[in-house]
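Colleague: Could you give me a close look at the salt bridges here, one part at a time and with the cut-offs spelled out? I would also be glad to hear about the other places you find worth a look.

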Amino acid sequence: MRPLRFGAVVLLLLGSMAASLPEETVAATGGARSDGPPRPTRVVSLGDSVPTGAQCDCSPFPVLVAADLAAPGQRVGLEQLAEDGATSDDVAATVEDHLSDFSATDVVLLEAGANDVADLADGSDPLPDEQQVDAAAAKAVATVSATVDRIVPTGARVVVLDYWAVGLDGTVADEQYTPAQQAVQDQLTDSFDDQLQAAVDAKGAQVTFVGLRQVFHGDDGSLDPTPLLADDGDHPNAKGQRAIADAVLTALSSERATRSPNIR
């Protein structure tokens, strides 16, 4: 997972609107809303090289989510605060630096954690045992969980995403990992994802968990994720980014009738 990778994604849906649009703007096609002129929506992306779209000459999932959340004719501003190689501590620091901005943000996407633990699978000698794996995953999850807790008081709707793999996957993993390394990487992914889901589920209705293992590996875990991955076997390609965006949007679809009118 090296400096190009992961985190755990947080989507925050807030009731207030941004006063001004950030770095880039996307717009839905169609006419203005019938109940008044389109209002700008502010989306912030936090995390690592998955939300930045590393290794993919395509629109990363934050851009796709922002575009699909826009009402016809509505402007959507996307501020990209994710950075390649970011760890959960890096994301926590970014949140602290920008915490006052979140009350004027409609959607925040945050993905962090895999860079905290990936080296245990492919760079550790000797390889960690199960207890060490669980401890490393727990530390990363605790930081992500605390970061979510910092954002929740702003009024955000939070959607937290896990990982299909915290290291290499698909045919690249088959070629580069020894069986022992693959086993550790699977243990790390399972431990991180399971602990993250448990932490999110305990936070109540304002925070929602979205799992990506089924998206990339299928319901029974037998699906080859290679068609969704870039050539490095570590980052999503265009199809993978679209699949992540669809998983997020599916999770949000049941919220739109009862949450902020800014979320379409």
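Modeller: Happy to; the salt bridges come first, and a few other places along the chain follow.

This is a predicted model, in which local features need pLDDT of at least 70 and side-chain atom pairs count only at pLDDT 80 or more, while totals for chains, interfaces and linings use all residues. Residues are numbered from 1 along each chain as its sequence is written, and side-chain values use heavy atoms, with hydrogens and water left out.

A salt bridge here is a side-chain nitrogen of Lys or Arg within 4 Å of a carboxyl oxygen of Asp or Glu. Searching the whole structure turns up eight of them. The part to zoom in on is a network of salt bridges that links Asp 190, Asp 193, Asp 194 and Arg 213.

Let us take its pairs in turn. Asp 190 and Arg 213 form a salt bridge whose closest N and O atoms are 2.7 Å apart. This pair links distant parts of the chain, with Asp 190 in helix 8 (residues 179-201) and Arg 213 in helix 9 (residues 213-217), 23 residues apart. Helices, for this purpose, are DSSP runs of H or I with at least four residues, numbered from the N terminus. Asp 193 also forms a salt bridge with Arg 213, and there the closest N and O atoms are 3.1 Å apart. Again distant parts of the chain are linked, Arg 213 being in helix 9 and Asp 193 in helix 8, 20 residues apart. Then there is Asp 194, which forms a salt bridge with Arg 213 at 2.9 Å between the closest N and O atoms. Asp 194 lies in helix 8 and Arg 213 in helix 9, so this pair ties together parts that are 19 residues apart in sequence.

How are these side chains placed with respect to the surface? Buried means under 20% relative accessible area, exposed over 50%, and partly exposed in between (1.4 Å probe, protein chains only). Asp 193 has a relative accessible area of 0%, so this residue is buried. Asp 190 is partly exposed at 37%, and so is Asp 194 at 43%. Their partner Arg 213 counts as partly exposed too, because its relative accessibility is 24%.

Acidic residues turn up elsewhere as well: Glu 83, Asp 84, Asp 89 and Asp 90 form a negative surface patch. Such patches are made of residues with over 30% relative accessible area and no salt bridge, like charges being joined within 9 Å and nonpolar side chains (Val, Leu, Ile, Met, Phe, Trp, Tyr) within 5 Å. The accessible areas come from the Shrake-Rupley method with a 1.4 Å probe, and for residues only the protein chains shown count as cover. Lys and Arg count as positive and Asp and Glu as negative, with His and the chain ends not counted; each charge is placed at NZ of Lys, CZ of Arg, CG of Asp or CD of Glu. One member, Asp 90, sits in helix 3 (residues 88-98) and is partly exposed, with a relative accessible area of 39%.

Next comes a covalent link. One disulfide, meaning a pair of cysteine sulfur atoms within 2.5 Å, is found in the whole structure. Cys 56 and Cys 58 form this disulfide, with their sulfur atoms 1.8 Å apart. The torsion about their S-S bond is about 120°, so the disulfide is right-handed. Cys 56 is buried at 14% relative accessible area, whereas Cys 58 is partly exposed at 24%.

Gln 55 lies in the loop between helix 1 (49-52) and helix 2. Its phi is positive, about 65°, although Gln 55 is not a glycine. Most residues other than glycine have a negative phi. Gln 55 is partly exposed, at 49% relative accessibility.

Helix 2 (residues 61-69) has seven of its nine residues buried, so this helix is largely enclosed by the rest of the structure. Val 63 is one of the buried residues there, and Leu 64 is another. The C-alpha atom of Val 63 is separated by 8.7 Å from that of Ala 245, 182 residues away along the chain. Ala 245 belongs to helix 10 (residues 238-253) and is buried, with a relative accessible area of 0%.

How values were computed: Helices (H or I, at least four residues) and strands (E, at least two) are DSSP runs, numbered from the N terminus.
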